[in-house]
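Please open the model in your viewer and keep a selection panel at hand, as this tour moves from one selection to the next and says what is found at each stop.

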Amino acid sequence: MTQNTPLSPLSARFPRPLHPLQDVTRRVLSAAQLRARGVSAAQTSAQCLPGGPWQHLLPGVYLLHPGPPSGQERLHGALLYAGRPPVSSRRTVPEAADAGFGEAMVTGQAALALHGFATVPDLGALHRIDVLVPRTRRLRSTRYVEVVRATAALPAPVRLAGVPVAPVERALADAVAGLGDAEDVSRLLTEAVRAGHSEPAAVVRELSAAKLLGRPAVVGAVEALLAAGRAAAEERLYAMVREHGLPEPLWNVELRLPGGPELGGVDAYWPDLAVAVELDTRAPRSGAPEEGRRGGNRGAGRAEDPQWSAYAARRDRLERLGVTVVHLTPRKLREAMDQQATVVRTALMAADDREPAAYLVVLPR
């Protein structure tokens, strides 16, 4: 009598082995994906009976093993649930069975975990996974999945760990929306800046768009965020001077005419060359155009900004006195430090070709 080789649960129940299932890393598939692999609804239900090898993770989403899902499996399942096409279009979009995620993307604390934030729990410890979907989707939150609808166009996702993830700023806003503790909010926002995930202006802009700036838990946190952003920008400025061999300037000084009015403070000043560097760490106004955004009228936005008007007036005053003012932003220092060092070096080299500046008094700020 020939001894039979033990069959796996799939091979025992189905006439043909489903080899593709053995290659799924997270062992999570939607009903559409199972149908595409030849598994009928009845077969799927049979596999999910008590004591069976599969389980019903979310509506229309199945976990292909009997144990508890891992954090990655819960994440994968959440995206499959939120990304399934609407009922009205399921018959006309056959490719959705393979794509799975549609336009859905991870957001909130789960997205921040994928971005590498240390102040949020890892995926396995999160009780909830937020998933961002288009505002026209009619989809309910269920079990551990919280459906977040975009109020405008969806942001362009980034790909992390093989899944679509909301940009840091949008993920922060969605995470903050679910927090009520000011300390928790401050910890998240501060890490975003100190760890180099984003710039204060971009974070505040997203919080403003989400109408979160007026919340008591957010007000103080934004002040801490801006302070952390300035500190981080100053550290990058110090590093730029050291690493690129620039002459050591006077740091954080006030300039004034002898016996005259104050001219304002600058972050770095080379008195022998009359060159100053000023970091633009202003909090952005609601609705102000984003730096570098294509098609935005930056000049118009600045003309209406009182902070920019005051800065421009101070800069004009200094330049009339022969001082070259180099304007740097935290974002430029973070993303293109070499280029910014070249800009400052060029200004210092060009100082020898100018008329001597008016004598200025330099005071510590």
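Begin by selecting R143, which sits in the loop that joins β5 (129-133) to β6 (145-149); bear in mind throughout that this is a predicted model. The phi angle of R143 is near 50 degrees, a positive value in a residue other than glycine. Most residues other than glycine have a negative phi. With a relative accessibility of 56%, R143 counts as exposed, because the cut-off for that class is over 50%.

A second residue of this kind can be selected next: K211, placed in the loop between α10 (200-209) and α11 (216-243). For K211, phi is near 60 degrees, again positive in a residue other than glycine, and its relative accessibility of 72% puts K211 among the exposed residues.

Now turn to the sheet that contains β1, and colour its strands separately. This is an open sheet of 3 strands, arranged in the order β1-β3-β2 with antiparallel pairing. At its edges are β1 (28-30) and β2 (55-58), each of which pairs on one side only. From one strand to the next, the twist averages 35 degrees. If you display the backbone of β1 together with that of β3 (residues 61-63), you can follow an antiparallel pairing over 3 bridges, in which V28 has L63 of β3 as its bridge partner. Adding helix α5 (residues 71-83) to the selection shows what packs on this sheet: the helix touches β1, β2 and β3, and its direction makes about 10 degrees with that of β1.

The next stop is a pair of helices, α8 (residues 168-177) and α9 (residues 182-194), whose axes come within 10 Å and cross at roughly 170 degrees. Because angles over 145 degrees count as roughly antiparallel, α8 is described as roughly antiparallel to α9. To see the contact itself, show the side chains of L172, A175 and V176 on α8, and those of V185, L188, L189 and A192 on α9. Sorted by class, this contact of α8 with α9 holds 7 nonpolar residues, with no polar and no charged ones.

Keep L172 selected and expand outwards from it. Leaving aside neighbours within four places in sequence, L172 is in contact with L112, F117, L188, L189, A192 and V203. The largest nonpolar core has 53 residues, and L172 is listed with V131, L189 and L207 as having the most contacts inside it. Apart from that core lies another, of 20 residues, among them L279, M337, A341 and A351.

From α9, follow the chain to E199, in the loop between α9 and α10. E199 has a relative accessible area of 7% and is therefore buried. Not counting residues up to four places away in sequence, E199 touches V193, R236, P330, R331 and R334.

Then select the sheet that contains β12, an open sheet in which 5 strands follow the order β12-β11-β10-β9-β13 with mixed pairing. The edge strands here are β12 (324-328) and β13 (361-364), each pairing on one side only, and neighbouring strands are turned by 45 degrees against each other on average, direction ignored. Within this sheet, β11 (residues 275-279) and β12 pair in the parallel sense over 5 bridges, and A276 can be picked out opposite V325 in β12. Helix α15 (residues 337-350) packs on the sheet and touches β10 (262-270), β11 and β12, while its direction makes about 175 degrees with that of β12.

Which residues does E278 touch, if those up to four places away in sequence are not counted? Select E278, which is in strand β11, and display its surroundings: the contacts are G265, D267, Y311, R314, V325, V326, H327 and L328. E278 counts as buried, at 10% relative accessibility.

Finish at one of these contacts of E278, H327, which is found in strand β12. At 15% relative accessibility H327 counts as buried, because the limit for that class is under 20%. As a last step, draw a distance between the C-alpha atoms of H327 and Q340, which are 13 residues apart along the chain; in this model the separation is 9.7 Å.

Notes. Residues numbered from 1 in each chain as written. Predicted model: local features only at pLDDT ≥ 70, side-chain atom pairs only at ≥ 80, totals over all residues. Heavy atoms only, no water. Pairing = 2+ DSSP bridges. Helix = DSSP H or I, 4+ residues; strand = E, 2+ residues; numbered from the N terminus. Axes fitted to C-alpha atoms, helices over the stretch in contact; angles between N-to-C directions. Contact = heavy atoms within 4.5 Å. Parallel < 35°, antiparallel > 145°, perpendicular 65-115°, else oblique. Nonpolar A, V, L, I, M, F, W, Y, C, P; charged D, E, K, R; others polar. Buried < 20%, exposed > 50% of the residue type's maximum accessible area, 1.4 Å probe, protein only. Core = buried A, V, L, I, M, F, W, Y, C linked by side-chain atoms within 4.5 Å.
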